[in-house]
Amino acid sequence: MSSSRRSPATRLDPRRPLVFDTRTLPRSPGSARTETRTVPAPADLQAGLAGVAEGADLRLDVMLESVTEGVLVTATAVAPVTGECARCLEPVAQTIEVSCRELFSYEQGAGNTDEDGYSLDGDLLDLEPVLRDALVLTLPLAPLCQEDCPGLCAECGALLAQAGPEHGHDRATDPRWAGLRQRMTQAEPVGSPVPETREESGRGRP
Ligand SMILES: [Zn+2]
Ligand SMILES: [Zn+2]
């Protein structure tokens, strides 16, 4: 009668950082306890240009509540996010906070498995998949180093945040551009496109 149950032999390891033990939580609806932990972030928390580094500190505030069907878990996690600015590709470091709430049902008899939900494993529950989903959904897909990051100069690739608002390429009179162009030309590997230089000399004009 175990056709629909998934490998009940693999029990949760209570030493894993995101496994919570509900033994001390009375199984009478209304009982609750809270727990605060800092745990190392699991691997593969990545989405787009941003992610939480494996092993980084995740700060967790967890409330475990007894309800009729099982244990209701309400968790808040604060995680450091690192990545690349979507506009200028400079490193980005920020912090995200996510909240999630999930019911872990008491283990049910064979043939009565709830495929969609989470279940307690004995007294243990594993918050990792819940937290992982919440974190990945909250990661910024296009992180910015600052709200109004001006990005890169379309012509020379300079960081506009550092080059300043007056950065531009109106004419070949900008000494910074002239110097940069010289360096780029000198450093140009064979076969790469050379920057447009037609206007440099001014020749060919009436
Ligand atoms: Zn930026
Ligand atoms: Zn430029």
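Modeller: Along the chain, the donors of the zinc ion (ligand 1) follow the spacing C-x2-C-x56-C-x3-C, and this, like everything that follows, is read from a predicted model. Cys88 lies in the loop between β6 (70–84) and β7 (91–105), whereas Cys149 lies in the loop between α1 and α2, so the pair ties together parts that are 61 residues apart in sequence.

Biologist: Which atoms coordinate the zinc ion (ligand 1), and at what distance?

Modeller: They are the SG atoms of Cys85, Cys88, Cys145 and Cys149, at 2.3 Å, and a sulfur counts as a donor to this metal if it lies within 2.8 Å, so these four qualify.

Biologist: What makes the arrangement around the zinc ion (ligand 1) tetrahedral?

Modeller: The 4 donor atoms subtend angles of 106 to 114°; four donors are called tetrahedral if all angles lie between 85 and 135 degrees, and the site therefore meets the criterion. Two of its ligating residues, Cys88 and Cys149, are both buried.

Biologist: How do you know what geometry to assign to the zinc ion (ligand 2)?

Modeller: The same range of 85 to 135 degrees applies, and the angles of 96 to 117° among the 4 donor atoms of the zinc ion (ligand 2) fall within it, so this site is tetrahedral as well. Here the donors are Cys153 (SG), Cys156 (SG), His167 (NE2) and His169 (NE2), at 2.0 to 2.2 Å, and their spacing in sequence is C-x2-C-x10-H-x1-H. Cys153 belongs to the loop between α1 (128–138) and α2 (160–163), and His167 to the loop between α2 and α3 (175–187), so this pair ties together parts that are 14 residues apart in sequence. Cys153 and His167 are buried.

Biologist: How do you know that β6 and β7 pair, and in which sense?

Modeller: Pairing requires at least two bridges between the strands, and β6 and β7 have 15, in the antiparallel sense, with Thr76 standing opposite Ser99 in β7. The hairpin they form has 6 residues between the strands, where Leu89 takes a positive phi near 65°. With strand β8 (residues 118–119), β7 pairs in the parallel sense over 2 bridges, which is just enough for the criterion of at least two.

Biologist: What kind of aromatic pair do Phe104 and Tyr118 form, and why is it called that?

Modeller: By the rule used here the count comes to 1 aromatic pair. Phe104 and Tyr118 lie 5.4 Å apart, centre to centre, with 40° between the planes; the centres must lie within 6.5 Å, and planes under 30 degrees apart would be stacked and over 60 edge-to-face, so the rest, this pair included, are tilted. The pair links Phe104 in strand β7 to Tyr118 in strand β8, 14 residues apart, and Tyr118 is also the bridge partner of Phe104.

Biologist: Are Phe104 and Tyr118 buried or exposed?

Modeller: Buried means under 20% relative accessible area and exposed over 50%, so Phe104 at 1% is buried, while Tyr118 at 22% falls in between and counts as partly exposed.

Biologist: What makes Asp126 count as buried or exposed?

Modeller: The relative accessibility of Asp126 is 14%, under the cut-off of 20%, and this residue is therefore buried. Asp126 lies in strand β9 (residues 124–126) and touches Leu12, Arg16, Leu18, Val19 and Phe104, residues up to four places away in sequence not being counted.

Biologist: How do you know that Asp126 makes a polar contact with Arg16?

Modeller: The two side chains come to 3.3 Å, within the limit of 3.5 Å for a suitable N or O pair. The side chain of Asp126 also reaches the backbone nitrogen of Glu128, at 3.0 Å.

Conventions
Residues are numbered from 1 along each chain as its sequence is written. Chains are lettered from A and ligands numbered from 1 in the order in which they are written. This is a predicted model: local features need pLDDT of at least 70, side-chain atom pairs count only at pLDDT 80 or more; totals for chains, interfaces and linings use all residues. Side-chain values use heavy atoms; hydrogens and water are left out. Helices (H or I, at least four residues) and strands (E, at least two) are DSSP runs, numbered from the N terminus. Buried means under 20% relative accessible area, exposed over 50%, partly exposed in between (1.4 Å probe, protein chains only). A polar contact is a pair of N or O atoms within 3.5 Å; within protein, one must be able to donate a hydrogen and the other to accept it, and residues adjacent in sequence count only if both atoms are side-chain atoms. Contact means heavy atoms within 4.5 Å. Donors are N, O and S atoms within 2.8 Å of the metal (3.2 Å for Na, K and Ca); water is not among the atoms, so sites may look incomplete. Four donors count as tetrahedral if all angles lie between 85 and 135 degrees; four count as square planar and six as octahedral if opposite donors are over 155 degrees apart and all others between 65 and 115; anything else is irregular. Rings of Phe, Tyr and Trp (its six-membered ring) pair if their centres lie within 6.5 Å; planes under 30 degrees apart count as stacked, over 60 as edge-to-face and the rest as tilted.
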